[in-house]
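Here are some short exercises to work through with a structure in front of you. Try each task on your own before you read the solution.

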Amino acid sequence: MIRRLARTAAALAAASLPLTACAGPDDSGAAKPAAHPVFSQPIDRQIFLALRHTQKAGNAELRQTLTFTSRQGKAVQTLTGRVDFAGSRGEAASAWRVPRNFPEDARATILGSLPGRTTGDPSSRYTVDTQTIHYRPASAGYWLRYTGDIKPLWGVDSISHLRGSEAAVGGTLLEALGTAEATAQSGTAGRSYTATFPLTTAMSLFPYDLREEFVPRPLNNTVRTPPIPVTVDVDADGRITRARADLSALLTKERESALAEVTALHAELTLGGFGASKPNAAATPAERTLDAGTAVVAMYDTRTGDCMDFNTGLRQHRLVTRVPCTGSYDGKVLGQHKLTGDWPGTRSAKDRAGRACADAAGDRSWYTWSTAREWDDNHEGRATCYSVIRD
């Protein structure tokens with residue numbers, strides 16, 4: 001009986017040895033530290049995990065600069081704002097600084113084209129959530145509310161990129177870091193990673209119309225494209241604090257591109273103020289708001305005498321916001337003229353519209369005409385004559 005008890009005690013002692021080695025104190029008697037949520041994982045997953053750990057912070061302040069470089073100087077967009085990861089909403093302000101001698105085609109493409117102007121507003125504000133984008137150009141005293149699918153004209157949705165998937169505020173490097181794979185790292189407390197992400201992911205950072213000026217399309221998994229190099233800094237808590245990407249691979253060498261004279265493209269994002277006790281990003285502005293679904297229309301859908309503003313946030317010179325003529329406005333519709341027959345081609349359509357609007361008085365009178373698609377959809381063309389009241 002004593003021998004049986006001795007054998008049982010020895011077996012229990014042996015069985016307990018692995019548990020002591022894994023979970024017990026080390027040789028000094030101290031407990032082993034818990035595994036780091038990011039740095040203890042394989043290196044190719046650490047940036048992805050750092051992004052998820054950043055989102056768990058609840059909210060953060062962000063700042064991003066986007067720099068288009070040409071031989072004539074640099075056009076720089078500075079984006080500042082705040083994101084509420086938990087509430088899936090955010091707010092931001094965008095401001096462009098473009099030198100006067102910057103290539104004109106590139107300037108118009110970067111800032112967007114508007115009727116009666118060469119380029120769009122250099123600054124704007126917006127708030128976003130899962131359902132709605134509120135947009136306010138610097139030249140307007142109101143916000144435009146875009147809700148649901150944004151389709152005022154076929155193929156011109158250049159505002160949805162403001163709503164992100166990794167953070168409420170879109171168009172930042174956060175949208176690309178979920179697909180970034182690190183190849184090297186350095187640092188002890190925090191980490192700095194050298195990584196790449198797919199060129200197709202970089203496209204999503206830009207409005208629809210600007211993407212058309214980048215590398216030839218279509219881009220898909222069967223087309224070999226160079227990866228985008230990026231460096232990512234992560235603090236000791238596993239949160240992303242900085243990312244720098246060289247997006248120059250997006251630029252095409254084709255002369256037809258409006259960005260042909262742009263030689264480099266870089267983005268730099270910084271994050272901070274994690275979980276700070278500040279109010280969460282506003283979901284709805286307190287100021288006057290117009291429903292873009294009814295206020296934003298194609299130029300050919302306006303009527304003679306309508307007053308309009310040119311900046312809709314959609315970066316399209318064929319779209320305007322109808323506003324009351326009792327306040328300030330950018331332009332006024334002088335007349336609408338039907339252009340009958342089949343689509344005659346761009347040059348002929350322009351000439352016919354010019355003749356139809358020849359009676360529009362003043363040096364500040366403009367005109368526009370239907371595109372081939374609009375002509376076919378409406379079974380006729382339309383020449384719109386309008387005046388520019390405010391630049």
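## Strands, a helix and some rings

Strand S14 (residues 307-309) and strand S15 (residues 319-323) run antiparallel and are joined by three bridges. Keep in mind that this is a predicted model.

**Exercise 1.** Find the residue in S15 that is the bridge partner of Asp309.

*Solution.* Start with the two strands: S14 covers residues 307-309, and S15 covers residues 319-323. Now follow the bridge from Asp309 across to S15, and you arrive at Thr321.

**Exercise 2.** Work out the strand order of the open sheet of six strands, and name its edge strands.

*Solution.* First, recall that strands of a sheet pair through backbone hydrogen bonds, either parallel or antiparallel. Here the pairing is antiparallel, and the order reads S13-S15-S14-S16-S18-S17. Next, look for strands that pair on one side only: these are S13 (296-298) and S17 (365-369), the edge strands. Finally, check the twist: neighbouring strands of this sheet are turned by 45° against each other on average, direction ignored.

**Exercise 3.** Say which strands helix H8 lies across.

*Solution.* Locate H8 at residues 346-356. The helix lies across S16 (331-339), S17 and S18 (381-388). As for direction, H8 runs at about 140° to S17.

**Exercise 4.** Classify the ring pair of Phe68 and Trp96, and decide whether each residue is buried or exposed.

*Solution.* The whole structure holds five aromatic pairs. For this one, the ring centres are 6.0 Å apart and the planes stand at 45°, so the pair is tilted. Along the chain the partners are 28 residues apart, with Phe68 in strand S1 (residues 59-70) and Trp96 in strand S3 (residues 89-97). For burial, the cut-off is under 20% relative accessible area. Phe68 has 1%, so Phe68 is buried. Trp96 has 17%, so Trp96 is buried too.

**Exercise 5.** Do the same for Phe310 and Tyr386.

*Solution.* Take the geometry first: the centres are 6.1 Å apart with 70° between the planes, and the pair is edge-to-face. Then place the partners: Phe310 is in the loop between S14 and S15, while Tyr386 is in strand S18, 76 residues apart. Last comes burial: Phe310, at 0% relative accessible area, is buried, and Tyr386, at 3%, also counts as buried.

**Exercise 6.** Find the ring that the charged end of Arg191 sits over.

*Solution.* Go to the charged end of Arg191 and look for the ring beneath. The ring belongs to Phe39, and its centre is 4.2 Å away.

Key
Residues numbered from 1 in each chain as written. Predicted model: local features only at pLDDT ≥ 70, side-chain atom pairs only at ≥ 80, totals over all residues. Heavy atoms only, no water. Pairing = 2+ DSSP bridges. Helix = DSSP H or I, 4+ residues; strand = E, 2+ residues; numbered from the N terminus. Axes fitted to C-alpha atoms, helices over the stretch in contact; angles between N-to-C directions. Contact = heavy atoms within 4.5 Å. Phe/Tyr/Trp six-rings, centres within 6.5 Å; stacked < 30°, edge-to-face > 60°. Buried < 20%, exposed > 50% of the residue type's maximum accessible area, 1.4 Å probe, protein only. Lys NZ or Arg CZ within 6 Å of the ring centre and 35° of its normal.
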